[in-house]
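Here is a short briefing on pockets and helix packing. Look over the sequence and the structure before reading on.

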Amino acid sequence: MAYLVPSEFVTKMVDAGESKIYMSTRDALIRAYMAGAILALAAVFAVTATVMSGSALVGAILFPVGFCMLYLLGFDLLTGVFVLTPLAWLDKRPGVTIQAILKNWGLVFTGNFLGALTVAFMMSFIFTYGFSVAPNEIGTKIGHIGEARTLGYAQYGLMGWLTIFIRAMLCNWMVSTGVVGAMISTTVSGKVIAMWMPIMLFFAMTFEHSVVNMFLFPSGLMMGGNFSILDYFIWNEIPVVLGNLVGGLAFTGLTLYATHIKTAPKRKLV
């Protein structure tokens with residue numbers, strides 16, 4: 001599968017983080033928009049497969065197709081740039097500043113949200129025949145997901161907020177491992193296999209992904225979900241974005257960088 005050793009693919013991670021900082025505003029927005037849209041379509045596909053098969057595991061097995069597509073096409077998710085761009089700063093790459101990193105995150109968040117929102121509207125239109133009838137079974141399922149993953153956490157107060165934060169940390173541990181997977185091999189088949197495994201795991205475990213939720217919750221609201229925009233942001237999107245940032249950086253980015261780029265001195269054998 002043309003496997004690259006860790007020291008090679010972690011260097012590619014740092015290089016990728018640097019390149020995203022220098023990317024033009026136009027390109028950053030386009031790539032993020034398309035990533036959000038494709039991941040949203042994959043979420044629809046997974047929910048549809050779950051409803052049709054009666055098994056959430058089937059949806060989880062199939063969901064990674066969208067992630068693989070968007071990364072093979074060179075598009076960007078917020079969860080990926082959360083991990084890659086800080087590594088370029090840690091490596092002291094020229095021109096990589098905290099301000100530049102935050103600007104990149106803002107552009108990717110905006111693009112991802114607009115892309116996911118576009119698909120949310122289009123699919124909601126389809127499921128309701130132009131909002132003229134009640135949503136079909138798949139649309140109803142999406143609305144219930146929105147309720148369960150906002151109000152379902154809100155009833156537990158602070159502990160509910162912390163629960164969703166930790167679920168988001170675990171999510172981007174796996175998703176960012178998928179991002180790394182795209183760099184582990186130089187063949188398409190090798191990249192797909194390496195990306196598929198952690199993405200399937202996160203979806204099957206119903207961890208919280210900020211970009212997937214940019215589709216699920218707006219579409220749920222459009223189709224009559226029993227929660228508000230404020231519920232969505234306070235009890236989902238905000239803690240999920242923060243958890244995705246901390247989890248991806250702590251469990252994937254910093255650990256790989258610390259042991260494969262900034263390695264400790266070799267032990268002396270006595």
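The points below cover two pockets, one helix and two helix pairs.

This is a predicted model. Its largest pocket holds about 350 Å³ of space. The second largest pocket has a volume of about 290 Å³. Helix α2 gives the most to the lining of the largest pocket, and α2 also packs roughly antiparallel to α4.

**Largest pocket**

- The volume is about 350 Å³.
- The lining comprises 19 residues, and Ala-56, Ile-145, Arg-149, Phe-203 and Thr-206 are the closest to the pocket centre.
- Five helices each supply at least two lining residues: α2 (25-53), α3 (56-62), α7 (137-148), α10 (188-204) and α11 (210-222).
- The top contributor is α2, with 4 residues.
- By class, 13 lining residues are nonpolar, 4 are polar and 2 are charged.

**Second largest pocket**

- This pocket has a volume of about 290 Å³.
- Its lining has 17 residues, and those nearest the centre are Ala-16, Lys-20, Tyr-71, Ala-182 and Met-183.
- At least two lining residues come from each of α1 (6-22), α4 (64-72), α9 (157-184) and α10.
- The largest share, 4 residues, belongs to α1.
- The lining divides into 10 nonpolar, 2 polar and 5 charged residues.
- Helix α10 supplies at least two residues to the lining here, and at least two to that of the largest pocket.

**Helix α2**

- How far apart are the end C-alpha atoms of α2? They are 42 Å apart, which agrees with the 42 Å that its 29 residues should span at 1.5 Å a residue.
- Just after α2 comes Gly-54, with a positive phi of about 75°.

**Helix pairs**

- The axes of α2 and α4 come within 8 Å and cross at roughly 160°. Angles over 145 degrees count as roughly antiparallel, so α2 is roughly antiparallel to α4.
- The α2 and α4 crossing is right-handed.
- Helix α5 (residues 78-90) and helix α6 (residues 98-127) have axes that come within 10 Å and cross at roughly 165°. That angle therefore makes α5 roughly antiparallel to α6.
- Which hand does the crossing of α5 and α6 have? The crossing of α5 and α6 is right-handed.

Conventions:
Residues numbered from 1 in each chain as written. Predicted model: local features only at pLDDT ≥ 70, side-chain atom pairs only at ≥ 80, totals over all residues. Heavy atoms only, no water. 1 Å grid on protein atoms, 1.4 Å probe; cavity = no way out; pocket = protein on both sides within 12 Å on 5 of 7 lines; lining within 4 Å. Points joined across faces, edges and corners; volume = space filled by probe spheres on them. Nonpolar A, V, L, I, M, F, W, Y, C, P; charged D, E, K, R; others polar. Expected span 1.5 Å × (residues − 1). Axes fitted to C-alpha atoms, helices over the stretch in contact; angles between N-to-C directions. Parallel < 35°, antiparallel > 145°, perpendicular 65-115°, else oblique. Left-handed = near helix turned anticlockwise from the far one by under 90°.
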